[in-house]
There are 2 protein chains.
Amino acid sequence: MQTEHQIKLENQLCFSLYATSKEVIKLYKPLLDTHGLTYTQYIALMVIWEHEAISVKALGSKLYLDSGTLTPLLKKLELQGFVTRTRLESDERTVIVAPTLAGWQLQKDILTVPESLYCQLQHTAADLFTLKKQLDLLLETLVK
Amino acid sequence: MQTEHQIKLENQLCFSLYATSKEVIKLYKPLLDTHGLTYTQYIALMVIWEHEAISVKALGSKLYLDSGTLTPLLKKLELQGFVTRTRLESDERTVIVAPTLAGWQLQKDILTVPESLYCQLQHTAADLFTLKKQLDLLLETLVK
DNA sequence: TAAAATTAAATTGTACACAATCTTATAAGT
DNA sequence: ACTTATAAGATTGTGTACAATTTAATTTTA
């Protein structure tokens, strides 16, 4: 019975995570569309802006993504003129990604995104509450 | 300052959701691999098992997925012999998905998945705690 | 009841996601 | 120095995601 309970608990959590994550990402879409960005491109840029210059490797470990995903994504951002990709002189294996002037301008233009998204989070409150309950339950049993 | 706080809060939540969701899905991978299933196929089967027979439309609304994703996915499950896809006689537009005998057997075989995954959740405890904190903070401001 | 609107899947095209492999560059071991 | 091992990206192949369009079936409505 204990096991039965755990199975359900865990399933609900994984599904809540999956569903809530999707809901929130979906909120970003229209806002990012106006800037010609996808969600993954957006979070990649967030990390790039934060570090000002970062290797593909380091970027990947922050985003839990590998070069198979990042290489084409960064090439697109480069094509759009938002970042540069440069091999490190001291180690030609490493590619450094950094914002261009247009990339820094984009950061300014995009400041409104998280703000207007925050207002919309009201619409996902139910999902967030469900997730919270499941998290609380799970963490309680994990910790004991 | 309030706005600044909201921006950061929101960014952290969306990223926590993204990261934690990925972490948990990654835990499933080796377990599901042994059954030849992907994570999406697994959660689709979970819903199909629960309903015993369900339309593509209804399945999609449960999983937040459309026919563009589900049609190829269900064709693969059909090819693997786990489900049947049948047009409804009373409405030829609707496709009903149901488990085959092999599909029901798979359900029995796969019961161990959530159990052994639950044990591994310990490893994601830190992420889960971060997510919980952000959820609590956010919900507090959303509710007030 | 015939035309228009709606609906459910399927299809098409773009963009991740990730395992596996390949290429090139650097580091280690002999 | 030479071989081997390791490391960082790029590439390839499969599998989602999802918007947009298409097709065929069912409803609605004029």
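## Notebook: two chains, two DNA strands

I started at DNA strand D: of the 28 residues around it, A:K57, A:S67, A:T71, A:K75 and B:T38 come nearest. A residue counts as near a strand if one of its heavy atoms lies within 4 Å of it.

Before going on, a note to self: this is a predicted model, where local features need pLDDT of at least 70, side-chain atom pairs count only at pLDDT 80 or more, and totals for chains, interfaces and linings use all residues. Residues are numbered from 1 along each chain as its sequence is written, chains are lettered from A and ligands numbered from 1 in the order written, and side-chain values use heavy atoms, with hydrogens and water left out.

**Strand D.** I asked which part of the strand faces the protein: of its atoms within 4 Å of the protein, 79% belong to sugar or phosphate and the rest to bases. Then I looked up single atom pairs. A polar side-chain atom of A:T71 sits 2.6 Å from a phosphate oxygen of strand D, and a side-chain N or O atom of A:K75 is 2.8 Å from a phosphate oxygen of that strand. At A:R93 I found a polar backbone atom 3.4 Å from a sugar or linking oxygen. The surface near strand D divides into five nonpolar, eleven polar and twelve charged residues. (Nonpolar covers Ala, Val, Leu, Ile, Met, Phe, Trp, Tyr, Cys and Pro; charged covers Asp, Glu, Lys and Arg; the others, Gly among them, are polar.)

**Strand C.** Here there are 27 residues around the strand, and A:T38, B:K57, B:S67, B:T71 and B:K75 come nearest. I got 76% sugar or phosphate among the strand C atoms within 4 Å of the protein, the rest being bases. B:K75 has a side-chain N or O atom 2.8 Å from a phosphate oxygen of strand C. Chain A takes part too: a polar side-chain atom of A:T40 and a backbone N or O atom of A:E92 each lie 3.0 Å from a phosphate oxygen of strand C. By class, this surface has five nonpolar, ten polar and twelve charged residues.

**Chain A against chain B.** Next I superposed the copies (least squares on C-alpha atoms of residues with pLDDT of at least 70 in both). Chain B goes onto chain A with an RMSD of 0.0 Å, by a turn of 180° and a shift of 0.0 Å along the axis. The two copies are thus related as by a two-fold rotation axis.

How many residues does each chain bring to the contact? I noted 46 from chain B and 45 from chain A, with contact meaning heavy atoms within 4.5 Å. The copies meet through the same surface, since 98% of chain B's interface residues are also interface residues in chain A. Together the chains bury about 4,200 Å², 70% of it on carbon and sulfur atoms; buried area is the accessible area (1.4 Å probe) lost on putting two parts together, summed over both.

I counted two salt bridges between the chains, each a side-chain nitrogen of Lys or Arg within 4 Å of a carboxyl oxygen of Asp or Glu. One of the residue pairs I looked up is B:K132 with A:D136, a salt bridge at 2.7 Å, N to O. On chain B's side, α1(B) gives the largest share, 18 residues. By class, that side has 31 nonpolar, seven polar and eight charged residues.

Methods. Helices (H or I, at least four residues) and strands (E, at least two) are DSSP runs, numbered from the N terminus. A polar contact is a pair of N or O atoms within 3.5 Å; within protein, one must be able to donate a hydrogen and the other to accept it, and residues adjacent in sequence count only if both atoms are side-chain atoms.
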